[in-house]
Amino acid sequence: MSIQEYELVHRDKEDENCLRKYRRQCMQDMHQKLSFGPRYGFVYELESGEQFLETIEKEQKITTIIVHIYEDGIKGCDALNSSLTCLAAEYPMVKFCKIKASNTGAGDRFSSDVLPTLLVYKGGELLSNFISVTEQFAEEFFTGDVESFLNEYGLLPEREVHVLEQTNMEEDME
């Protein structure tokens, strides 16, 4: 192979890499334009009843807010917290929050009999209220169980498709 042929082949590979980078950037731009609204991706710890009310009242009208009212040592609360942490990463357009019952300012209303409780809000309005929610699950439950339960009531949006990851996997195969 001559030097000229080698340079042509090498230049073709560079062009191909540039095209891949350009395609990836276009996909990212398109994905960003199609994804509207705020993005969260984790569970917010609310420290007081005032912060709880502020979160519900001041969030954008399009945002679904799922609040877990819990207390340490109550059966199911830790497992539900873990499940919601996973769901928050999978549904970044939903705002997941948690608050200890004793911090709500209405701790007497949230006895251990009604915990864990899930409240779902959108546009400042209460959509759903699930008291002792873990009674809906088996003794041991997982993120998929909680996700199915919330989907059964139509409380989660469609899961986001990670187009960029798929594109990168296709490029790696080439």
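Colleague: Which residues of H4 are buried?
Modeller: Bear in mind that this is a predicted model, where local features need pLDDT of at least 70, side-chain atom pairs count only at pLDDT 80 or more, and totals for chains, interfaces and linings use all residues. Numbering runs from 1 along each chain as its sequence is written, and side-chain values use heavy atoms, leaving out hydrogens and water. Buried means under 20% relative accessible area, exposed over 50%, and partly exposed in between (1.4 Å probe, protein chains only), while helices (H or I, at least four residues) and strands (E, at least two) are DSSP runs numbered from the N terminus. By that cut-off, the buried residues of H4 are Thr143, Val146, Glu147, Phe149 and Leu150.

Colleague: How wide is the arc they cover around the axis of H4?
Modeller: An α-helix has 3.6 residues a turn, so residues three or four places apart point the same way. The arc is taken from the directions from the helix axis to the C-beta atoms. The buried residues sit on the same side of H4 because their arc is only 160°.

Colleague: And what do those buried residues pack against?
Modeller: Contact here means heavy atoms within 4.5 Å. On that basis, the partners of the buried residues of H4 are strand S2 (64-70), H3, S4 and S5.

Colleague: Which element gives the largest share of the largest nonpolar core?
Modeller: A nonpolar core is a set of buried Ala, Val, Leu, Ile, Met, Phe, Trp, Tyr and Cys residues joined through side-chain atoms within 4.5 Å. The largest one has 20 residues, and Val146 and Leu150 are among those with the most contacts inside it. Helix H3 (77-90), strand S4 (117-122) and helix H4 (143-152) each give it two or more residues. The largest share, 4 residues, comes from H3.

Colleague: Which residues does Val146 touch, leaving out those up to four places away in sequence?
Modeller: Val146 belongs to the buried set of H4. Its contacts are Leu80, Ser83, Leu84, Leu87, Phe137 and Phe141.

Colleague: How many residues are in the second, separate core?
Modeller: Look for Leu46, Ile65, Cys97 and Tyr121, which are included in it. The residue count of this second core is 15.

Colleague: What kind of aromatic pair do Phe137 and Phe149 make?
Modeller: Rings of Phe, Tyr and Trp (its six-membered ring) pair if their centres lie within 6.5 Å; planes under 30 degrees apart count as stacked, over 60 as edge-to-face and the rest as tilted. A search of the whole structure finds 8 such pairs, and Tyr40 and Tyr44 form one of them, with centres 6.0 Å apart and planes at 80°. For Phe137 and Phe149 the centres are 5.5 Å apart and the planes are at 80°, so the pair is edge-to-face.

Colleague: How far apart in sequence are Phe137 and Phe149?
Modeller: Phe137 lies in the loop between strand S5 (125-130) and H4, and Phe149 in helix H4. Both are buried, Phe137 at a relative accessible area of 13% and Phe149 at 6%. The pair links distant parts of the chain, and the separation is 12 residues.

Colleague: Which residue lies over the face of Tyr44?
Modeller: A charge sits over a ring if NZ of Lys or CZ of Arg is within 6 Å of the ring centre and within 35 degrees of the ring normal. Tyr44 is partly exposed, at 24% relative accessible area. At 4.8 Å from its ring centre is Lys95.

Colleague: Which residue forms a salt bridge with Lys95?
Modeller: A salt bridge is a side-chain nitrogen of Lys or Arg within 4 Å of a carboxyl oxygen of Asp or Glu, and the structure holds 4 of them. Lys95 is buried, at 11% relative accessibility. With the closest N and O atoms 3.1 Å apart, its partner is Glu59.

Colleague: How far apart in sequence are the parts tied together by Glu139 and Lys75?
Modeller: This salt bridge has its closest N and O atoms 2.7 Å apart. Glu139 is in the loop between S5 and H4 and Lys75 in the loop between S2 and H3, so the parts they tie together have a sequence separation of 64 residues.

Colleague: Which peptide bond is cis?
Modeller: Go to the loop between strand S3 (95-100) and S4, where you'll find Pro116. Omega is near -5° for the bond from Leu115 to Pro116.
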